[in-house]
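Visitor: Could you take me through the empty space in this model, pockets and cavity alike? I'd like a close look at where it sits and what lines it.

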Amino acid sequence: MSTTPAISVTRGRALRLRELIADGVLVLPNAWDAGSAAVIASAGARAVATTSGGVSWSLGHGDGQRLDRAAAVEAARRIAAAVDLPVTVDAEGGYGPGPADVARTVAALVDAGAAGVNLEDSTAVGGPLFPVAEQAARLRAARTAAAEAGLPELVVNARTDVLLFGLGGLDDVLARAEAYAGAGADGLFVPGLLDLDVLADLCARSPLPVNAMAVAGGPGVAELAATGVRRVSVGTGLAQLAYTAARRAAAELLGAGTLTELDGSLGFGELNGLYRG
């Protein structure tokens, strides 16, 4: 097991991430680059999640497992280096179908400073999903790879897209939760589930702590927390807002020639001061 200074820092962050999840409801704003991570940290976040969609967009790709492992890992490395907080990385489907692919991705993300990872069970946007046994094997490979890389404390959040893509019901989610827990996952992420009654039922029956994704117009953190969820993230929401603000300001500049959309922006000095390099 590695005992390098870098892995010691990451271990401390992974342990802190575990504490935050055990301590109550952890709200995770999702970053897409070093700058957004630094801004999120400055707003008072206790940990930072990444969004594969935002990361992909920032690197010139669409979301949906179109990014390759090397690009995803380097993006994660920059984000983890930008903050003194635990960073949990959206690793999509692990950047390859087999357990060995997932293991390589997890080992590389540990080296990049990730305190946690999300691994989804869809083979592509819209599905199909990996069979339960195959996804369990992929999660076991992630768990083993983290330990071999010196970070058995890595938080593995297993995402299931059963409900997001309409590929089954709550019983299917629970069957996957049981298998994923047995494979060593630490949490269950079920995007697409915002029905508070169903979410409460899932939280009561799941063997794993549940992560919900908040969306514009949907339930807020307090409502989601009341169902029993332990993590709340926002996916691409913050990245969408940032790009929307940029388009509005550009449209105003190119149209009226004014810049009122920039009113209230963070100052140059404040933003510049967030960086250590």
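Guide: Here's a walk through the pockets, the cavity and then the packing around them.

First, the ground rules. This is a predicted model, so to speak of it fairly: local features need pLDDT of at least 70, side-chain atom pairs count only at pLDDT 80 or more, and totals for chains, interfaces and linings use all residues. Residues are numbered from 1 along each chain as its sequence is written, and side-chain values use heavy atoms, with hydrogens and water left out.

Rolling a probe the size of a water molecule over the atoms shows where empty space is left. On a 1 Å grid over the protein atoms alone, a cavity is a set of points where a 1.4 Å probe fits but cannot get out, while a pocket is an open set with protein on both sides within 12 Å along at least five of seven lines; a lining residue has an atom within 4 Å of a point. Points are joined across faces, edges and corners, and a volume is the space filled by probe spheres set on them.

The largest pocket holds about 590 Å³ of space. It has 37 lining residues, and the closest to its centre are Asp63, Arg159, Met213, Gly235 and Thr236. Two or more lining residues come from each of β3 (48-50), α3 (52-58), β4 (87-90), β5 (116-120), β8 (210-213), β9 (231-233) and α10 (237-254). Those labels are DSSP runs numbered from the N terminus: helices are H or I with at least four residues, strands E with at least two. β4 gives the most, with three residues. By class, this lining has 14 nonpolar, 16 polar and seven charged residues. Here Ala, Val, Leu, Ile, Met, Phe, Trp, Tyr, Cys and Pro count as nonpolar, Asp, Glu, Lys and Arg as charged, and the others, Gly among them, as polar.

Next comes the second largest pocket, with about 370 Å³ of space. Of its 13 lining residues, Trp32, Ser36, Val39, Ala242 and Leu266 are the closest to the centre. α2 (34-42) and α10 are the elements that give two or more residues to this lining, and the largest share, four residues, comes from α2. The class split is 10 nonpolar, two polar and one charged.

As for closed space, a search of the whole structure turns up one cavity of 30 Å³ or more, and the largest cavity has a volume of about 70 Å³. Thr50, Ser52, Val55, Leu67, Ala72, Ala75, Ala76, Ile79, Val89, Asp90 and Tyr95 line it. α4 supplies the largest share of that lining, four residues, and the lining divides into eight nonpolar, two polar and one charged.

Helix α4 (residues 69-82) also gives the largest nonpolar core its largest share, seven residues. That core has 72 residues, with Val106, Leu119 and Leu202 touching the most other members. (A core is a set of buried Ala, Val, Leu, Ile, Met, Phe, Trp, Tyr and Cys residues joined through side-chain atoms within 4.5 Å; buried means under 20% relative accessible area with a 1.4 Å probe, protein chains only.) Leaving out residues up to four places away in sequence, Leu202 touches Leu170, Val173, Leu174, Leu188, Val190, Leu193 and Val210, where contact means heavy atoms within 4.5 Å.

Zooming out, the chain has 11 helices and nine strands, and buried residues make up 46% of its 277 residues.

Terms used: Buried < 20%, exposed > 50% of the residue type's maximum accessible area, 1.4 Å probe, protein only.
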